[in-house]
Amino acid sequence: MNLFEKIKAGDICSIARLISKVERRDPEVIKAIKEIYPHCGNAHLIGITGPPGVGKSCLVSELAGKFREKNRTVGILAVDPSSPFSGGALLGDRARMIELAGDKDVFIRSLASRGASGGLSAAVSDAADILDMSGKDLVLIETVGVGQGEVDIARLAHTVLLVLMPGYGDALQAMKAGIMEIADILIVNKADLSGADEAVAELSTVQGFQGMREGQDKWVAPIIKSSTLDGEGIEDIAGAVLKHFEYVKEQGFLRKKNRDRRTNQFLDIFTQQIRDEFMRLVKVDAGIQRWVDKIGDLELDPYSASEQVIELLRNAREQERDSRKRTRK
Amino acid sequence: MRDENIRILVAKIGLDGHDRGGLIIAQALKNAGMEVIYTGLKNTSENVVEMAIQEDVDIIGISILSGAHLVLMPILMDELKKNNADDIPVIVGGVIPPGDIPKLKAMNVREVFPAGSQVVEAVAFIRRLVQERRKSTRAS
Ligand SMILES: Nc1nc2c(ncn2[C@@H]2O[C@H](COP(=O)(O)OP(=O)(O)OP(=O)(O)O)[C@@H](O)[C@H]2O)c(=O)[nH]1
Ligand SMILES: [Mg+2]
């Protein structure tokens with residue numbers, strides 16, 4: 001069996017190693033991703049985000065358990081921030097998921113955010129693809145909600161859970177506007193503590209002010225109280241997650257979501273590769289080197305420089321179109 | 001690319017119920033630039049091996065305070081072998097009497113850091129070990 005077949009067969013070791021390669025941005029991994037890509041698109045990607053310490057990891061564990069009861073296979077990606085100083089990271093999420101241990105149909109992987117400050121690294125999307133292809137029905141992605149992270153997870157996941165806890169009403173105000181908009185399910189966890197009902201009331205007030213979601217999307221995010229201590233609300237959340245996916249499919253949004261995600265992914269890859277290729281060219285091509293130096297010497301402004309390159313791309317496209325027209329005639 | 005990003009699983013096996021030591025070590029390794037998968041309490045050997053494989057770690061660091069290392073470590077090393085994961089190096093830290101160190105090394109534990117060891121020593125050892133291992137495995 002080659003690597004591809006092994007992953008398709010769910011071989012744990014191969015999945016784990018490929019995710020590591022994806023994290024290192026190992027050049028040979030690009031080859032593997034190209035092979036994997038056409039086989040993706042079967043998994044339901046679920047983002048779980050929210051402020052630190054609200055109980056996301058515990059909730060992921062409980063939800064995964066619930067989905068296993070429903071005979072769904074589960075992949076989990078738990079993302080924690082890397083220290084900008086040391087580059088190190090303390091990945092402690094799976095310590096909360098011990099109950100899932102020993103289940104061959106659950107694969108858990110902790111990822112450090114590495115270069116992606118605040119947001120999700122490209123590796124997270126690739127890792128989700130790998131789990132998708134390995135046959136996981138659901139992929140749960142836990143990210144700490146700080147700024148960019150929420151926007152990124154909304155782009156990646158089909159269903160986004162925003163987890164809060166009593167006393168987090170103020171935090172919600174402080175969070176970026178639009179955070180409510182990305183949440184498909186709102187959760188007030190630690191409902192065993194006092195103040196949960198107030199938190200729910202506060203959330204529904206904020207939700208009332210928000211008005212309709214973008215476009216045709218009429219989904220109203222349910223607000224669910226939960227406790228991972230006594231299991232309150234877990235069944236409801238699992239139900240809401242599955243219901244949301246059905247809704248997304250029925251309304252024809254799934255295709256749009258997937259297209260948006262892949263367009264963004266392409267743009268990320270494209271801009272990165274353009275940068276890399278350009279830096280390489282500058283090193284080996286004296287003409288381009290001189291052209292770039294003009295920007296530094298204030299002879300050419302960076303906007304015009306960029307426009308010149310885009311103009312080149314545009315011309316190339318026109319030429320290609322013309323030549324195709326000619327061959328058709 | 002900075003080839004650091006060493007991934008280490010820090011686990012405590014055994015039944016004694018606190019883990020301040022493990023968390024302090026985990027924090028120190030993080031500050032040394034490593035990605036530390038911290039697994040908390042209540043780990044069985046099976047769990048540790050499963051986690052090490054899924055996390056594709058470069059090395060496993062086991063913390064034992066209970067004094068049961070001569071019972072627990074053979075079980076862990078066996079479990080690694082059973083799962084074809086005995087290529088992952090293992091180091092041990094905790095309350096280990098000097099006389100037990102050779103016994104642990106005879107089980108293929110790479111190094112032992114008894115209570116009172118300096119973290120910098122452990123960091124240097126881990127870096128060296130991981131670099132050697134990466135050279136051999138990634139070349140193949
Ligand atoms: N009372 C109560 N405590 C909870 C509940 N869920 C989680 N906790 C506790 O909250 C703390 C944080 O839980 P985690 O699941 O690690 O929270 P998290 O959001 O994943 O944290 P980060 O990943 O660090 O952002 C732990 O001490 C849990 O035991 C709950 O439903 N009720
Ligand atoms: Mg967590």
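## The largest cavity

In this predicted model, helix α2(B) gives the largest share of the lining of the largest cavity, with 3 residues. The residues from chain B in that lining are E50(B), M51(B) and Q54(B). From chain A come R94(A), M97(A), I98(A), L100(A), A101(A), V106(A) and I108(A). Two elements each supply at least two residues here: α2 (45-54) of chain B and β4 (106-112) of chain A.

The space inside the largest cavity is about 90 Å³. Sorted by class, its lining has 7 nonpolar residues, 1 polar and 2 charged. If you are listing enclosed spaces, the count is 3 cavities of 30 Å³ or more.

## The second largest pocket

Now to an open space. The second largest pocket has a volume of about 920 Å³, and 31 residues line it. Nearest its centre lie S57(A), C58(A), G92(A), A95(A) and R96(A). The elements giving two or more residues to this lining are α4 (56-69) and β5 (138-144) of chain A, together with α1 (20-31) of chain B. Helix α4(A) provides the largest share, 5 residues.

What is the make-up of this lining by class? For the second largest pocket, there are 12 charged residues, 10 nonpolar and 9 polar.

## The magnesium site

S57(A), met above as one of the residues nearest the pocket centre, also appears at the metal. The magnesium ion (ligand 2) is coordinated by S57(A) through OG, D93(A) through OD and E142(A) through OE, at 2.0 to 2.2 Å. Along the chain, these donors follow the spacing S-x35-D-x48-E. Distant parts of the chain are linked by the pair S57(A) and E142(A): S57(A) sits in helix α4 of chain A and E142(A) in strand β5 of chain A, 85 residues apart.

Are these two donors buried or exposed? S57(A) counts as buried because its relative accessibility is 8%, under the 20% cut-off. E142(A) also counts as buried, with a relative accessibility of 3%.

## Cysteines

How many disulfides does a search of the whole structure find? The search gives 0 disulfides over all chains.

Two cysteines of chain A can be placed by their accessibility. C40(A) has a relative accessible area of 14% and is therefore buried. C58(A), among the residues nearest the centre of the second largest pocket, has a relative accessible area of 25%, so it is partly exposed.

Methods:
Residues are numbered from 1 along each chain as its sequence is written. Chains are lettered from A and ligands numbered from 1 in the order in which they are written. This is a predicted model: local features need pLDDT of at least 70, side-chain atom pairs count only at pLDDT 80 or more; totals for chains, interfaces and linings use all residues. Side-chain values use heavy atoms; hydrogens and water are left out. On a 1 Å grid over the protein atoms alone, a cavity is a set of points where a 1.4 Å probe fits but cannot get out, and a pocket is an open set with protein on both sides within 12 Å along at least five of seven lines; lining residues have an atom within 4 Å of a point. Grid points are joined across faces, edges and corners, and a volume is the space filled by probe spheres set on the points. Helices (H or I, at least four residues) and strands (E, at least two) are DSSP runs, numbered from the N terminus. Ala, Val, Leu, Ile, Met, Phe, Trp, Tyr, Cys and Pro count as nonpolar, Asp, Glu, Lys and Arg as charged, and the others, Gly among them, as polar. Donors are N, O and S atoms within 2.8 Å of the metal (3.2 Å for Na, K and Ca); water is not among the atoms, so sites may look incomplete. Buried means under 20% relative accessible area, exposed over 50%, partly exposed in between (1.4 Å probe, protein chains only). A disulfide is a pair of cysteine sulfur atoms within 2.5 Å.
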